[in-house]
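Please work through the exercises below with the sequence and the model side by side, and try each task before you read its solution.

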Amino acid sequence: MDRLLFLFATGLARGAVFALFALSLVLIWRAARIINFAQGAMALVATYLAFAVTGLTGSYAAGLAAGILGGAAIGWAIERGVMRHAPHSTPLAGVIVAIGLVMVLQSLLGIVFGPQYRPMAAPFDETPIFLGGVPVLSPYDLFILVVALGVMGLLAVLFTRTSLGLQLRASAFAPEVSRMLGVRVDRMVTIGWMLSAAVAALAALLLIPTELGLNPHSTDMLFVYAFTVAVVGGLDSPVGALVGGLTVGVVISLVTGYLGSTVAPIGVLVLLVVVLLVRPGGVFSMREARTA
Amino acid sequence: MTGALQIEALTVGYGGAPVLHDVSFALAPGEVVALLGANGAGKTTLLRTLVGLVAATAGTLRLDAGDLRTLRTEERARRGLALVPDGQSVVAELTVEENLHLGALWRHRGRARTRAVDEIFTLFAPLARRRDSAGHQLSGGERQMLALGRALIAEPVVLALDEPSLGLAPLVVAQLMGTLREAARQRGLTVLLAEQNVTSALSIADRGVVLDLGRIVADAPADQLAADETLRHAYLGF
């Protein structure tokens with residue numbers, strides 16, 4: 001029972017990161033109708049930046065801030081410099097450009113920083129805290145959970161309570177109508193990319209210290225898990241990303257704990273296939289419109 | 001801004017196939033003009049060109065002597081040019097209130113925006129009862145009311161409407177046209193109303209412009225058009 005509780009709690013913390021990264025994919029999908037396969041590679045560039053800043057200043061907070069701001073800047077540069085110029089006639093064009101970006105960015109990181117794993121220190125202790133003799137969460141897991149859920153809460157406020165959020169949502173759902181109402185849709189798409197890339201950078205920054213370390217392929221599995229979460233939850237649904245992320249995190253933690261780490265990715269892919277077969281739009285996919 | 005709209009020698013085509021040929025007419029400030037014609041006459045293309053969703057091949061578009069063709073769609077909206085497109089222009093995922101706020105965003109801020117939304121709810125009472133309903137939950141008539149209210153809330157100087165009566169019951173059409181005429185009169189709006197429902201359109205218009213296969217075939221006062229039997233039979237189908 002103690003083990004179950006521990007695995008459940010750590011699964012929630014990992015799941016919050018998956019949810020955050022999945023949310024970044026949802027943000028891009030809603031802003032530009034692109035499944036951004038380059039999201040992991042873009043987040044990695046920001047993480048290397050954070051790594052360098054922390055190394056130079058000795059401050060985790062400075063590195064974290066640099067990583068998030070760097071992520072936003074990368075999002076801006078990729079949208080303005082690359083994606084805006086990709087043909088919009090077919091969704092496949094954006095996907096192919098994104099895959100090309102993955103190769104370019106990961107190769108550049110490999111050339112500049114080398115293929116070795118670089119240890120990235122967590123800002124808090126990773127030893128579990130015991131509650132009533134039962135191991136629950138480490139201080140770092142708690143930090144992850146608070147930051148991830150806090151950021152998701154802030155994004156929810158941004159999207160539902162502010163004028164900018166209203167314009168972002170309207171531009172995503174109905175770009176032509178939004179233009180006719182005076183909304184500067186191109187600007188909203190750029191902001192969507194910046195927000196999304198910053199959130200993805202934060203997710204990578206939170207997760208990498210708990211893994212093997214920083215390497216040009218550190219976010220590969222994070223992307224696969226988060227992509228699964230986004231598809232399972234529904235690419236249009238931030239709530240789906242949250243619930244799906246926490247669910248996948250707990251499932252991975254339990255499967256890893258009881259059946260071994262090699263089984264976990266298979267379990268996630270089985271979940272992806274089942275959802276695609278049963279409900280292709282995702283569990284929390286959008287409503288059907290009234291027709292009369 | 002007074003709302004004087006001038007269309008001169010406008011030519012528009014899709015993929016090299018011309019849809020509008022050398023179209024010229026003007027709307028005086030506060031004038032209500034019905035744009036009439038059968039399916040495929042070019043009414044929708046003309047309205048979409050006006051707001052910048054379709055690029056013109058040649059010609060000029062001027063609003064109060066300012067050149068519109070150099071402006072993007074969103075900038076034309078901010079100059080006071082509003083289009084209520086046909087079909088489903090309500091943002092289905094947003095609530096009625098959010099749709100109205102969206103229309104008011106660049107024009108009003110803070111409390112002024114809330115007041116403007118309340119004014120639209122006064123003008124379209126049925127919408128007030130659906131304030132928190134999502135766009136996709138509305139009936140066809142409610143959607144059309146919302147689209148019109150959302151255009152009016154930005155206080156445009158020129159309001160273009162594309163087939164607002166499409167798919168609506170005659171009673172709803174009559175109400176909608178009445179509200180439109182009243183709003184235009186009260187606000188001094190210049191209105192360009194594209195309609196296949198000729199009787200309804202001419203009942204509230206000062207003037208009518210008839211398009212046939214992308215060319216203007218008549219431009220005359222509304223009562224004169226309604227009385228011209230030859231024209232009615234040839235181009236308006238009644």
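**Exercise 1. Find the strand that holds B:Ala9, and decide how covered this residue is.**

Step 1: B:Ala9 is found in strand β1 of chain B, where strands (E, at least two residues) and helices (H or I, at least four) are DSSP runs numbered from the N terminus. Step 2: The phi angle of B:Ala9 is near 50 degrees, which is a positive value in a residue other than glycine. Step 3: B:Ala9 counts as partly exposed because its relative accessibility is 31%; buried means under 20% relative accessible area, exposed over 50%, and partly exposed in between, with a 1.4 Å probe and protein chains only.

Before going on, note that this is a predicted model, in which local features need pLDDT of at least 70 and side-chain atom pairs count only at pLDDT 80 or more, while totals for chains, interfaces and linings use all residues. Residues are numbered from 1 along each chain as its sequence is written, chains are lettered from A and ligands numbered from 1 in the order in which they are written, and side-chain values use heavy atoms, with hydrogens and water left out.

**Exercise 2. Describe the open sheet of chain B to which four strands belong.**

Step 1: The order of the four strands in chain B is β2-β1-β4-β5, and their pairing is antiparallel; two strands pair if DSSP finds at least two bridges between them. Step 2: Because β2 (17-27) and β5 (66-67) of chain B stand at the edges with a single partner strand each, one side of each is left without a neighbour in the sheet. Step 3: Strand β4 (residues 58-63) of chain B is joined to β5(B) by two bridges, and B:Arg62 stands opposite B:Asp67 in β5(B).

**Exercise 3. Work out which way the residues of β3 in chain B point, and which strands pair with β3(B).**

Step 1: In strand β3 (residues 32-36) of chain B, five of the five residues are buried. Step 2: In a regular strand the side chains alternate between the two faces of the sheet. Step 3: B:Val32, B:Ala34 and B:Leu36 point one way from β3(B), whereas B:Val33 and B:Leu35 point the other way. Step 4: β3(B) pairs in the parallel sense with strand β8 (residues 190-195) of chain B over five bridges, and the bridge partner of B:Ala34 in β8(B) is B:Leu193. Step 5: Four bridges join β3(B) to strand β9 (residues 207-212) of chain B, again in a parallel run, with B:Leu36 opposite B:Val210 in β9(B).

**Exercise 4. Check the span of helix α1 in chain A, and examine the residue that follows this helix.**

Step 1: The expected span of a helix is 1.5 Å times one less than its number of residues. Step 2: For the 31 residues of α1 (residues 2-32) of chain A this gives 45 Å, and the end C-alpha atoms are 45 Å apart, so the two values agree. Step 3: α1(A) is followed by A:Arg33, whose phi is positive, near 55 degrees, and A:Arg33 is not a glycine. Step 4: A:Arg33 has its place in the loop between α1 and α2 (39-57) of chain A, and at 32% relative accessibility it counts as partly exposed.
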